[in-house]
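User: I should like to learn how to read individual features in a structural model. Could we proceed feature by feature?
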Amino acid sequence: MANKVVKATNEELQQVYNNIPKAYDRANRFISFNQDVRWRADLVKTILKFCERPKLVLDVAGGKGELSYTFKKVFKGNAKYEIILSDYAENMLKMALIEDDKVLCSFDALPFREKMFDVVMSSFALHAADNIEDVIREITRVSRKIVGFIAMGKPDSWIKRVYLSIYLRYIMPYIAALAGAKSRDFKYIYYIYERVPTNSFHKKIFEKYIDIKVYEERGLNLFYFVVGFPKG
């Protein structure tokens with residue numbers, strides 16, 4: 001796992017920021033310490049390092065399509081590729097930032113055949129799973145080339161766990177309120193954080209199903225960043 005994350009250039013980030021819709025998810029902005037757009041762009045760039053000309057891309061649990069939107073802004077290498085946006089919430093798909101095909105489904109039971117997609121990607125969603133192994137098994141099942149995702153985990157360091165617990169429970173809702181959001185809408189993030197396993201637990205699951213090429217922990221180890229090839 002000697003590979004490193006491919007960082008998006010300032011020009012590529014500017015392409016995203018210049019056209020960013022108002023509907024872009026502010027919750028992920030707060031929990032990622034204002035790095036969500038950059039991390040999504042880095043994820044796209046890193047995926048494309050291992051799959052330069054994807055033809056069919058699946059955005060898993062994509063919400064309103066923030067990652068798909070970023071993919072379209074960053075990737076210029078093939079005009080003939082397609083993106084399918086999937087999510088469990090119909091309202092999210094109705095508010096999608098992209099016009100591509102949309103599929104209503106759960107990320108632990110994807111209604112696609114095996115090895116259907118060149119790229120299977122996800123951002124800021126997998127931590128909502130009741131069983132993360134079921135989700136990883138599904139996204140690797142439907143990918144024939146590469147998978148990549150960013151999601152919230154939990155540091156192995158107890159000191160960082162305590163700090164982040166305080167931040168997510170008390171500080172982040174306050175920051176959200178100052179930014180004009182409803183603080184109660186952000187309290188669920190703390191409860192998700194409290195129930196997710198540690199990053200070392202997650203990594204063992206990832207290694208079971210993925211030939212990992214890039215693994216990083218970001219934001220005080222609150223997030224894991226993974227890109228690799230599905231095994232089998």
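User: In which strand is Asp59 found?

Analyst: The model is a predicted one. In it, Asp59 belongs to strand S1, which covers residues 56–59.

User: How should the surroundings of Asp59 be read, and which side chain of opposite charge is nearest?

Analyst: A salt bridge requires a Lys or Arg side-chain nitrogen within 4 Å of a carboxyl oxygen of Asp or Glu. Asp59 is buried but has no such bridge; Arg40, the nearest side chain of opposite charge, is 7.4 Å away. The side chain of Asp59 does make a polar contact of 2.7 Å with that of Ser68. Leaving aside residues up to four places away in sequence, Asp59 also touches Leu67, Ile84 and Met121, among others.

User: How many salt bridges does the structure hold, and which residue does Lys45 pair with?

Analyst: There are 15 salt bridges in the structure. Lys45 pairs with Glu12, with 2.9 Å between the closest N and O atoms. This pair links distant parts of the chain, since Lys45 lies in helix H3 (residues 36–50) and Glu12 in helix H1 (residues 10–18), 33 residues apart. Lys45 is partly exposed because its relative accessible area is 22%, whereas Glu12, at 16%, is buried.

User: Where do Glu138 and Arg141 lie?

Analyst: Both residues are in helix H6 (residues 132–141), three residues apart, or about one turn of the helix. Their side chains meet in a salt bridge of 2.9 Å, N to O. Glu138 is buried, with a relative accessible area of 12%, and Arg141 is partly exposed at 23%. Salt bridges with shared partners also join Glu133, Asp134, Arg137 and Lys208 into one network.

User: In what sense do strands S6 and S7 pair, parallel or antiparallel?

Analyst: In general, side chains in a regular strand alternate between the two faces of the sheet. Here, S6 (residues 210–218) and S7 (residues 223–230) pair in the antiparallel sense over eight bridges. Tyr215 stands opposite Val226 in S7. The hairpin has four residues between its strands, and Gly219 takes a positive phi near 60 degrees there.

User: How many disulfides does a search of the whole structure find?

Analyst: A disulfide is a covalent bond between the sulfur atoms of two cysteines. The search of the whole structure finds zero disulfides. As for individual cysteines, Cys51 counts as buried because its relative accessibility is 4%, and Cys105 likewise counts as buried, at 11%.

Technical notes. Residues numbered from 1 in each chain as written. Predicted model: local features only at pLDDT ≥ 70, side-chain atom pairs only at ≥ 80, totals over all residues. Heavy atoms only, no water. Helix = DSSP H or I, 4+ residues; strand = E, 2+ residues; numbered from the N terminus. Buried < 20%, exposed > 50% of the residue type's maximum accessible area, 1.4 Å probe, protein only. Lys, Arg positive; Asp, Glu negative; His and termini not counted. Polar contact = N/O pair within 3.5 Å; in protein donor to acceptor, adjacent residues only side chain to side chain. Contact = heavy atoms within 4.5 Å. Pairing = 2+ DSSP bridges. Disulfide = S-S within 2.5 Å.
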